[in-house]
Amino acid sequence: MFSRIYFSRSVTVLFFTVFLVTAGNLLDADQVDKPHKPSVTLPRMCYRSFWPQEKYNRQFAEAGVRLVFIYPSNTISSIGVPYSNYPMIWTGPNQYDWTALDRHIEDVLTWNPGAKLIVMIDLNTPPWWAKTHEGSDSVGQLGDVLLREDYRRDSQEYLHRFLEHTEAKYRDKIAAYHLSAGMVCEWFDWLHGKTTPRKDAAFAKAMGRPSAKVPDEVEKTTYPLFYDPVKDADKIAYWKFHNQLVADAAVDYARRAKQVTKNRVPIGLFFGYMMANGTNKLLYRGHLAYDTVYQSPAFDTVSAPAVYQQRSMGGTSGFQFCQDSILTNGKILWHEIDHRTHLLKDVKQGPTRYVTNFGKGISFHSKEETIAGLRREFAIGMIAGAHLWWFDMFGGFFDDPDVMAEIKHLNQLSQRFADTGPGKAAEVALFADADSMYYVNGRKPLTDQVLRKLQFALFRTGTPWRCHSLADLTRIDTSQFKVIILPNLFALDAEKRQLLEKMVLRDGKTVVTLFAPGIITDGKYDVANIEKFTGTRVDRLSQPGDPQKAFYQDHEDWTSVFLPSPQVSPKLLRDVFRKAKVHLYSTTGEPLYANEDLVALHTAKGGKRTIRLPRPCRVTEVFENRVISDKPVLEFTETLPAPATRMYFLEPIQEKETNCE
């Protein structure tokens, strides 16, 4: 695979052998290395709560939501209270309280009798384990604890015993499993990549040099924004080792889960937050080797909360990962809606214990905002081909008759659009390069600008776009795309150039690069490399260029557009798209999402809005079931309230129909 080609160039590829040397017997590859085929029979909507409570479970049962995500956890949440309001299951060495798990499952099934379950399995060290093993706590020290033979042995045994119990007793009720570890259950290393004696030893073994150690000041880069591929070679190798450690461990646990379940149901996890874990996060938290996870047949589903910025009214929301890469690899994509609504209150546990100020960061401040916001997330999910879960966290996020009536309505719509996905409507695609981010100073804002903030700008251009990993280029058809954006192509070599020439630099495409494409070429850092790739001279990077500038260069069969600033405006992108003859549905700068069947618009201010269609269609507003035009139209205008989210179903005309308004 493309991503693994580049990883194999680093000596850290040896890590996989290091990790598995004490991991136990080899697994039956024929049994576990086949992906579970995603099925539309898995509902597009699910209910989730850390603390199952009868009132809220019954509300979602009444709303017709028949898939429930549960988390029978042994650990403490990041806000200081247990994730589960049921007793701990893993109570001591080889001691398990299955009655606690049974109570949890049976309560949920009593409150929602027709439900199927997604069961999250807590692989973290319980508090008693951390106290009796030199203070090793996988919640805060995942990268270090993964290297402990005793942790792997004990957690793998717990996983095995857990699955044996649930498969024997609740097989017909469980639709999927979800593996969790690290901080906030999302495979985060909370040491931010800092080394430990165990990691020093494992790194030396991976490097094949007994005297090797994690370099001092491993976060310090030779250049303000970049590591030097020669001077900083060991630092770069360490970050690859650190990220691959987490990815390989996750895959190993999933393969073991498949062995026990005999590949009966999908296995999933949270992973790969390339588009959101920016400054102070992306390089350090352990998600950069996401291509390993996405390409592995051991996993069938990948999940993430909606990106945390741009959640309030008028915001774009969005995905934390390259969502189309997950679909390209044949996996189910879950979009988690955990937005703080106007109904949020402080969490109480027991007669005296409170979680105060839990309402900080509220996204929706009124009933009208909550409904408009939930509709926005629903539209994003349906259009992108994602499944959705409504995350009630500690309860009460949706505790209002009108809000629950809306969720019931959305659940009905999710059944209507069960097969909806991104399709061929997008003429723009972004390809993010994980390999290049190993060379970027993780403390600088560059990561935020070329990935997360670019996502927000793209949602405001008025045209749909796809978000892929660069590794996907080996197995997708790029013919539908008029514009391809390579936002972080900082590291370039002969293999990448060859692949780009074969799949991207052709067929009249417009290829957009940002800030410093190719600055590291064939293992050498040189600002002059940027000109070689873009045709535009860049003297230094300390003062990024004009954020409104775009430099065009025509080639024989493609057009290069170099944007010298890592910070790009929706207007500049829209101008580039116009020149490339990309269809723009809207030019208001407000969030817009579209596929072949649906187009959605979100607004905080309201007012008159015009949507232009790429082909004549009859139009119906989905949320209100309101006919906009019963005759084919190429555009339509609506006056929207403030705030609002509208989603329109586009019914194409038959071949014999030629007249349109």
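# Barrel, pocket and cavities in a predicted model

By class, the residues lining the largest pocket comprise 19 nonpolar, seven polar and nine charged residues. The structure described here is a predicted model. The volume of this largest pocket is about 650 Å³. Its lining consists of 35 residues, and the ones closest to the centre of the pocket are Ser78, Val184, Glu186, Tyr308 and Asp338.

**The barrel**

Eight strands close into a barrel, following the order E1-E2-E5-E6-E7-E8-E9-E12, and their pairing is parallel. From one strand to the next, the twist averages 25°.

One pair of neighbours in this order can be described in detail. Strand E2, residues 67-70, pairs with strand E5, residues 116-122, in the parallel sense, and four bridges join them. Within this pair, Phe69 stands opposite Ile118 in E5. Helix H5, made of residues 98-111, lies across both E2 and E5 and runs at about 155° to E2.

Another helix is placed across E1 and E12, the strands at the two ends of the written order. This is helix H14, residues 401-416, which lies across strand E1 (45-48) and strand E12 (387-391) and runs at about 140° to E1.

**Enclosed spaces**

Rolling a probe the size of a water molecule over the atoms shows where empty space is left. In the whole structure, a search finds three cavities of 30 Å³ or more. The table sets the largest pocket beside two of these cavities.

| Space | Volume | Lining by class |
|---|---|---|
| Largest pocket | about 650 Å³ | 19 nonpolar, seven polar, nine charged residues |
| Largest cavity | about 190 Å³ | 12 nonpolar, two polar, two charged residues |
| Second largest cavity | about 50 Å³ | five nonpolar, three polar, no charged residues |

The largest cavity, with a volume of about 190 Å³, is lined by 16 residues, of which Ile383, Ala384, Phe459, Trp465 and Ala594 are the closest to its centre. Four elements each supply at least two residues of this lining: helix H12 (323-328), helix H13 (367-384), strand E14 (465-469) and strand E22 (592-594).

The second largest cavity is lined by Gly278, Leu282, Leu283, Leu288, Met437, Val440, Gly442 and Thr447. No charged residue belongs to this lining, which divides into five nonpolar and three polar residues.

**A helix pair**

Helix H15, residues 446-459, packs with helix H18, residues 570-579, at an angle of about 60°, and the axes of the two helices are 8 Å apart. From H15, the residues Leu454, Ala457 and Leu458 make the contact, while H18 contributes Pro570, Leu573 and Phe577. By class, this contact of H15 with H18 has six nonpolar residues and no polar or charged ones. The crossing of H15 and H18 is right-handed.

Two residues of H15 (446-459) also appear among the cavity residues named above. Thr447 lines the second largest cavity, and Phe459 is one of the residues closest to the centre of the largest cavity.

**A strand hairpin**

Strand E24, residues 607-621, and strand E25, residues 626-640, pair in the antiparallel sense over 10 bridges. Across this pairing, Arg612 stands opposite Glu635 in E25. The two strands E24 and E25 form a hairpin in which four residues lie between them. In the turn, Asn625 has a positive phi of about 50°.

Note on methods: Residues numbered from 1 in each chain as written. Predicted model: local features only at pLDDT ≥ 70, side-chain atom pairs only at ≥ 80, totals over all residues. Heavy atoms only, no water. Pairing = 2+ DSSP bridges. Axes fitted to C-alpha atoms, helices over the stretch in contact; angles between N-to-C directions. Contact = heavy atoms within 4.5 Å. 1 Å grid on protein atoms, 1.4 Å probe; cavity = no way out; pocket = protein on both sides within 12 Å on 5 of 7 lines; lining within 4 Å. Points joined across faces, edges and corners; volume = space filled by probe spheres on them. Nonpolar A, V, L, I, M, F, W, Y, C, P; charged D, E, K, R; others polar. Left-handed = near helix turned anticlockwise from the far one by under 90°.
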